[in-house]
Amino acid sequence: MTDHGFTIPDFRYCIDQYAALVAPNIRDLFPILRYIPGLFGLAEWKEQAQLVRKEALKKGTQFLNVAKEQRAALDAGKSIEWESMLAKMLRDQRDNDDHTFSEHDMGHSAFHVVAASTSTSTAKFSVLLMVLAKYSDVQQKVREEVLEISGGAIPKATDIPSLKYTEAVWNEVHRWRPVAPQAIPHAPSQDDVYNGYRIPKGTAVIMNVWHIHHSEEDYEEPEEFIPERFLNHPFGMRPDKAHDGTQMEASGARITYDFGAGRRVCPGMHSTKQTFLLGLAKILWAFEILPLEGKNLDLSLKTRFVQEVALHPKSLDVSLKLKNGRTGKTIIGHYHQKYEDEAKVMGWENDLYR
Ligand code: HEM
């Protein structure tokens, strides 16, 4: 990507600007404000939106150009890692003479997937590591569970479904510090009625994820980080009649709204969970997660968090220390072994990515 002018800081800047525009705002509450012309500084956001659009399209073009190179290389029969999403779209378009997506659309899809997957994942994993560094008792419980299930060996993907406490910690991190406390506004594609309220087609609907997951009515001590709540109730809620888990499940309730909801719900939510739980289990097998020396870890929302694309801690104040009996050699050896397994599945040849 560097050959195409792509840099990570530049990309991050662009997605932060983009996120600021799509975050819930006053125009969602008073749509008439959207019609104020963007002249004489009256609606500065419109000028900003033009700039962000230009930048996002530029980044999309960079992705597309790389994909075109990959397409050409694949077509020429070169042995190459795997067919990327865009390279596949280019092939589909060519083979089916289908032009549903313009080049802008394709580039923008790539921009969107990378933007949506990276900031959210790093934000969430940072919170997870910081929480475990702060609450060493929780960290120890997760580690004990991991070691019990793996029999002391390095954890495997097949161990994940048995890690019930670890999963509860994962669910609690989503509830406690959602990456998008007000999600991303949606709009119904047809008129609707909900609880007696008429919602005309196109109305901005803001999902108050923060309130959903911090309501006293539903959660005991919602401000506290208590993973056990998810062991006592399938949705982590008060275990009473008003919160019947079976009924909630039948009504389609979600354990977490941190991934959004509806047809635009995060498509990465399941793979992320598997990847993170396995990654976390391996980290705990190998390391102690500690607060950075001299730091009393502050995880308060007001002082330590910042909202950009995702709500995330201002800095990652943790350090990893090798656990007794673990060596760098074992860890690198494990990495190489996993690389070989993955290379077989992905068809990587010539030590690609090694
Ligand atoms: C902990 C990690 C993640 C969190 C918390 C998260 C959260 C979200 C949220 C809140 C949305 C908006 C959903 C809505 O509008 O209702 C979203 C959308 C999206 N996410 Fe994720 N996400 C994560 C990881 C990922 C990963 C790893 C990928 C890709 C592999 C991904 C791909 C996407 C895409 C493509 C969208 C846009 C979907 C659309 O607008 O139709 N996300 N995500």
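In which loop does C266 lie? In this predicted model, C266 is found in the loop that runs between helix 10 (245–250) and helix 11 (269–286), and the legends below begin with that residue.

**View 1. The iron atom of the ligand and its protein donor, C266.** The SG atom of C266 lies 2.3 Å from the iron atom of the ligand and is the only protein donor of that iron. C266 is also listed among the closest of the residues that surround the ligand, together with S117, H186, D258 and R264. The loop that carries C266 connects helix 10 (245–250) with helix 11 (269–286).

**View 2. Polar contacts with oxygen atoms of the ligand, made by H186, A261 and R264.** In the side chain of H186, an N or O atom is placed 2.7 Å from an oxygen atom of the ligand. A polar side-chain atom of R264 lies 2.6 Å from an oxygen atom of the ligand, whereas A261 contributes through its backbone, with an N or O atom 3.2 Å from a ligand oxygen.

**View 3. The shell of 19 residues that surrounds the ligand.** By residue class, this shell divides into eight nonpolar, eight polar and three charged residues. Helix 5, which spans residues 103–134, gives the most to the shell, with seven residues. The closest residues of the shell are S117, H186, D258, R264 and C266.

**View 4. K323 in the loop between strand 6 (318–322) and helix 13 (328–346).** K323 has a relative accessible area of 17%, and it is counted as buried because this value falls under 20%. Leaving aside residues up to four places away in sequence, K323 touches R143, L284, W285, A286, F287 and E288.

**View 5. Positive phi angles at A183 and N195.** The phi angle of A183 is near 45°, a positive value in a residue other than glycine, and the phi angle of N195 is likewise near 45°, again in a residue that is not glycine. A183 belongs to the loop between helix 7 (164–176) and strand 1 (192–194), while N195 sits in the loop between strand 1 and strand 2 (197–199). Is each of these residues buried or exposed? A183 counts as buried, because its relative accessibility of 15% is under 20%; N195, in contrast, counts as exposed, because its relative accessibility of 63% is over 50%.

**View 6. D97 and its side-chain contact with H99.** D97 lies in the loop between helix 4 (85–96) and helix 5. With a relative accessible area of 60%, D97 is classed as exposed, because this value is over 50%. The side chain of D97 makes a polar contact with the side chain of H99, at a distance of 3.2 Å.

**View 7. The whole protein, shown as the setting for the close-ups, with 13 helices and six strands.** Taken along the principal axes, the C-alpha atoms fill a box of roughly 60 × 60 × 45 Å. Of the 354 residues in the protein, 37% are buried. The accessible surface comes to about 21000 Å², and 56% of that surface belongs to carbon and sulfur atoms. Among the contacts with a separation of 6 or more, 64% are between residues 24 or more positions apart.

Notes: Residues are numbered from 1 along each chain as its sequence is written. This is a predicted model: local features need pLDDT of at least 70, side-chain atom pairs count only at pLDDT 80 or more; totals for chains, interfaces and linings use all residues. Side-chain values use heavy atoms; hydrogens and water are left out. A residue is near a molecule or strand if one of its heavy atoms lies within 4 Å of it. A polar contact is a pair of N or O atoms within 3.5 Å; within protein, one must be able to donate a hydrogen and the other to accept it, and residues adjacent in sequence count only if both atoms are side-chain atoms. Helices (H or I, at least four residues) and strands (E, at least two) are DSSP runs, numbered from the N terminus. Ala, Val, Leu, Ile, Met, Phe, Trp, Tyr, Cys and Pro count as nonpolar, Asp, Glu, Lys and Arg as charged, and the others, Gly among them, as polar. Buried means under 20% relative accessible area, exposed over 50%, partly exposed in between (1.4 Å probe, protein chains only). Contact means heavy atoms within 4.5 Å. Accessible areas come from the Shrake-Rupley method with a 1.4 Å probe; for residues, only the protein chains shown count as cover. Donors are N, O and S atoms within 2.8 Å of the metal (3.2 Å for Na, K and Ca); water is not among the atoms, so sites may look incomplete.
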